[in-house]
Amino acid sequence: MKTLSGKLLACVVAIFIVVIGVIMTYSYISSSSQISTLFKSIQKGILDASYTTINITMNVEANQHLSAVAEQIAAIDKNDVIAQRRVLMTTEELIKYPSMYIVYENDGKVILQDYHPEVGIENLSSNFDDVGLDLRDRFWYKETKAKKSGIISSTYISSAGNYKNQRLATATYPIIKNGEFIGVIGMDLFVGDFQKRFENFEREELPGLDVYITDADGKIFSHKDQKIVESTTPIEAEIALQAALKNSLEGEFSYVSNGKERVGFYKQFPFGWTIVSATTKSDYTDAINKQFFISTAISLILLVVGAMFLVIFIKKLVAPISSIQSGLNSFFDFINHKTQDISTINIKTNDEFGQMAAAINQNIQATKEGLDQDKQAVKESVTTVGIVENGDLTARITANPRNPQLIELKS
């Protein structure tokens, strides 16, 4: 590291490391923001898609279907049970609703028609059904009667019919005849199938993603984890969501579940349910850390490769210095009489090193010639002194020395 090339390499690598560090720091901050924004956008997109599919099924289609069926039922004589069953069965066959029913206001009579593909229209019963309880006391009947419009109920465990003890939701619509409320038509929908739809929205980027739905009472009834659905006490997600709904019917909230912080986006349906798209915050940070690791690895590889190229480049760049140093050492040995020969510096470049070498070579050559002249003058001086000592005072030094003292001696 004491060599010039080593010092240059150390300086360049140090600057390179500082620059990469600054760039990586900025990149980490920038990518953190970008990844968070991207993942939130994905999460919101999943929420919107999930909201749309459930809203179409439970609100738009259900309301339209029940409205059309209610008009047909109102046009049929109440006691023509088979005709009413035909309408219900035809609707079930088209839409695949598990069960539809009619409850009349004046006497509480019920027509309950479960969907059985194997049962033909010719086998329909002409009798009203005895369900063992007065359905006019059910909350969905009372609410529909009070609002005179369709509703979507909270989920509940069915207490009658072929789907007894199963979790269902009820969509209802009032039956109006000649401007008078005469009953309610309703249909049951399984809520367990919703999670199958949400499987289509799963993303590799969000492995901790859950899409779940709460009813109007804030209870989660659709979730991939059945234990959460079956829980009888409010969980963290339900508590946090209810607090968020007090401020806005749509937005973002966070909560801690099983020791992990989760980020959720929610949106409430017109009929009171709320759908949530939630994932662990570690999904965000893991993606950020992964990106940072990749960036760091690439930067280190570039640093190593760059350092290797720098070593080669700097060695090539400062190589002329070695030639200059060798030439100067040879020259100094010559003028200090350590050697009898002298070599010039062999650099053929046109850069500053080449110009420096050419100037040094010119001076080396001039110095060598001067020393040769001085050497010849000294030699001749010795001979002349001998001649003079022998009495010939006319002897003279004819050689032309370069050294000023020798020139003075000659004179």
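A salt bridge is counted here when a side-chain nitrogen of Lys or Arg lies within 4 Å of a carboxyl oxygen of Asp or Glu. In this predicted model, the side chains of Lys224 and Glu202 satisfy that criterion, with N and O 3.9 Å apart. Lys224 sits in the loop between strand 8 (220–222) and helix 5 (226–230), while Glu202 belongs to the loop between helix 4 (194–198) and strand 7 (210–214), so this pairing ties together parts 22 residues apart in sequence. Both partners are partly exposed, Lys224 at 46% relative accessibility and Glu202 at 48%.

A further pair involves Glu205 and Arg203, whose closest N and O atoms are 3.0 Å apart. Here too the residues are partly exposed, at 32% for Glu205 and 37% for Arg203. Through shared partners, salt bridges also link Glu202, Asp210, Lys224 and Arg262 into one network.

Across the whole structure, 12 salt bridges are found. One of them joins Arg85 to Asp129, with 2.7 Å between the closest N and O atoms. Because Arg85 lies in helix 2 (residues 81–95) and Asp129 in the loop between strand 2 (110–114) and helix 3 (139–147), the pair connects parts that are 44 residues apart in sequence. Arg85 is buried, at 3% relative accessibility, whereas Asp129 is partly exposed at 27%.

These pairs can be placed in the overall fold. The protein chain contains 9 helices and 11 strands, and 40% of its 411 residues are buried. Of the contacts between residues at least 6 apart in sequence, 56% join residues at least 24 apart. The chain exposes about 23,600 Å², of which carbon and sulfur atoms supply 56%.

Definitions and conventions: Residues are numbered from 1 along each chain as its sequence is written. This is a predicted model: local features need pLDDT of at least 70, side-chain atom pairs count only at pLDDT 80 or more; totals for chains, interfaces and linings use all residues. Side-chain values use heavy atoms; hydrogens and water are left out. Helices (H or I, at least four residues) and strands (E, at least two) are DSSP runs, numbered from the N terminus. Buried means under 20% relative accessible area, exposed over 50%, partly exposed in between (1.4 Å probe, protein chains only). Contact means heavy atoms within 4.5 Å. Accessible areas come from the Shrake-Rupley method with a 1.4 Å probe; for residues, only the protein chains shown count as cover.
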